[in-house]
Amino acid sequence: MANIILELSYHKFTRIGSLVEADDGSFSVGGRPITQNMSDMLQLANIPSAVFSPEHKTFKSSDEYYLNLAQGHLVQLIFQQNDLVKSADDCRNKYVARQLFCQLAEQGRLSIFGFAEDDWSAQARTKTSKLLPAPSNSDSFRLYGDDLRPGNILINDANEVVSVIDWEFTYTAPTQFVLDPPWWLLLDTPEMWDAGIDDWAENYELRLETWLSAMIEAEESAGSECKSTEFSLSAYMRESWETGRFWLTYAGRKSWAFDAVYWKYLDERVFGRREDHVERNELWKTRVHLLSEGARNAMEPFVTRKVEEMKERKLAEWDPEAARSRLKEVLLNGAVE
């Protein structure tokens with residue numbers, strides 16, 4: 001598996017998006033990334049397709065794509081009609097976290113979080129050791145598979161890998177994605193772990209050491225044959241876990257895991273320690289003052305509307321223009337001052 005990850009990291013692209021095959025068999029980045037999160041939004045949450053990026057949209061920078069991911073989490077909160085919000089305070093937690101994530105993306109801060117260039121986060125101000133540099137914000141992106149995991153690897157009787165299958169959610173992504181250790185070392189996702197996300201993280205750390213050993217071995221075996229010496233994946237992956245970059249990427253890619261990950265593993269790394277003993281349903285109170293004026297003013301009307309939708313328990317059918325108008329309204333209200 002380490003060799004497969006290393007091989008994927010060799011291939012560089014100048015845009016972020018999905019690969020399109022031409023008549024002559026060549027490939028280029030010609031469409032929006034087709035992600036597993038986008039598929040879940042359409043199939044599980046009845047999100048109107050009109051609010052996604054245009055089909056042929058590609059992204060020229062990591063910052064641009066991080067903003068697209070952040071706005072996608074707001075899309076889920078706006079348009080998922082049922083089973084997302086449990087109470088008014090739960091809605092406020094989700095609203096504040098998503099708007100702050102969008103503001104950070106707008107400011108170009110997510111792509112450098114946890115790297116040497118990070119001079120803005122709370123954890124950066126207390127960091128004493130030197131960190132590794134961030135990858136280029138443009139012109140150098142890597143293949144990334146949302147669904148690349150052991151379950152999609154075929155082996156023979158000798159335990160040799162013979163095929164990797166199910167590439168439909170593979171796209172060219174910010175290089176930051178491939179500099180994180182893989183989420184699947186415990187096979188199950190953090191948000192689905194029976195014993196809770198803290199227990200997942202504790203067990204993951206043990207497996208991570210085994211993975212990093214394999215990654216180092218793969219890099220050493222590649223030697224002079226290695227086509228890309230730009231990054232030591234093993235070093236970046238270790239640092240990703242230590243700094244929380246792992247959690248930032250994970251939260252960015254997964255709307256249904258976003259809230260648990262943000263408040264537990266990102267918020268204090270970004271904005272500093274919260275007051276002690278804050279109730280879970282009141283976390284929003286510790287950060288609401290950081291929102292733009294527009295986002296603060298729009299929060300209570302948004303919450304009132306969302307709570308009413310929660311009571312209705314129906315599937316909404318959105319007209320495309322109405323859906324785009326509603327999304328624009330929320331995004332503008334959250335604009336950075």
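**Exercise 1. Find the positions of Glu329 and Arg326 in helix H12, and describe their contact.**

Solution. Step 1: Glu329 and Arg326 both belong to helix H12 (residues 320-333), where they sit 3 residues apart, about one turn of the helix. Helices (H or I, at least four residues) and strands (E, at least two) are DSSP runs, numbered from the N terminus. The model is predicted, so local features need pLDDT of at least 70 and side-chain atom pairs count only at pLDDT 80 or more, while totals for chains, interfaces and linings use all residues. Residues are numbered from 1 along each chain as its sequence is written, and side-chain values use heavy atoms, with hydrogens and water left out.

Step 2: Glu329 forms a salt bridge with Arg326, and their closest N and O atoms are 3.0 Å apart. A salt bridge is a side-chain nitrogen of Lys or Arg within 4 Å of a carboxyl oxygen of Asp or Glu.

Step 3: Arg326 counts as buried because its relative accessibility is 9%, whereas Glu329, at 41%, counts as partly exposed. Buried means under 20% relative accessible area, exposed over 50%, and partly exposed in between (1.4 Å probe, protein chains only).

**Exercise 2. Which salt bridges do Lys94 and Lys57 form?**

Solution. Step 1: Lys94 pairs with Asp90 in a salt bridge, the closest N and O atoms being 2.9 Å apart. Both residues lie in helix H4 (residues 88-106), 4 residues apart, about one turn of the helix. Lys94 is buried, and so is Asp90.

Step 2: Lys57 forms a salt bridge with Glu64, with 3.3 Å between the closest N and O atoms. Lys57 is partly exposed because its relative accessible area is 28%. Glu64 is also partly exposed, with a relative accessible area of 24%.

Step 3: The count of salt bridges comes to 20.

**Exercise 3. Describe the largest cavity: its volume and its lining.**

Solution. Step 1: The count comes to 7 cavities of 30 Å³ or more. On a 1 Å grid over the protein atoms alone, a cavity is a set of points where a 1.4 Å probe fits but cannot get out; lining residues have an atom within 4 Å of a point.

Step 2: The largest cavity has a volume of about 250 Å³. Grid points are joined across faces, edges and corners, and a volume is the space filled by probe spheres set on the points.

Step 3: The lining of the largest cavity has 19 residues, of which Ile5, Tyr144, Phe177, Asp180 and Pro182 lie nearest its centre. Helix H1 (2-9), strand E4 (141-145), helix H6 (175-178) and helix H9 (245-253) each supply at least two residues of this lining. The largest share, 4 residues, comes from H9.

Step 4: The lining residues divide into 14 nonpolar, 3 polar and 2 charged. Ala, Val, Leu, Ile, Met, Phe, Trp, Tyr, Cys and Pro count as nonpolar, Asp, Glu, Lys and Arg as charged, and the others, Gly among them, as polar.

**Exercise 4. Where is Phe271 found, and is Phe271 buried or partly exposed?**

Solution. Step 1: Phe271 is in helix H10 (residues 258-271).

Step 2: Phe271 counts as partly exposed because its relative accessibility is 24%.

Step 3: Phe271 and Gln123 are 148 residues apart along the chain, and their C-alpha atoms are separated by 8.2 Å.

Key: On a 1 Å grid over the protein atoms alone, a cavity is a set of points where a 1.4 Å probe fits but cannot get out, and a pocket is an open set with protein on both sides within 12 Å along at least five of seven lines; lining residues have an atom within 4 Å of a point.
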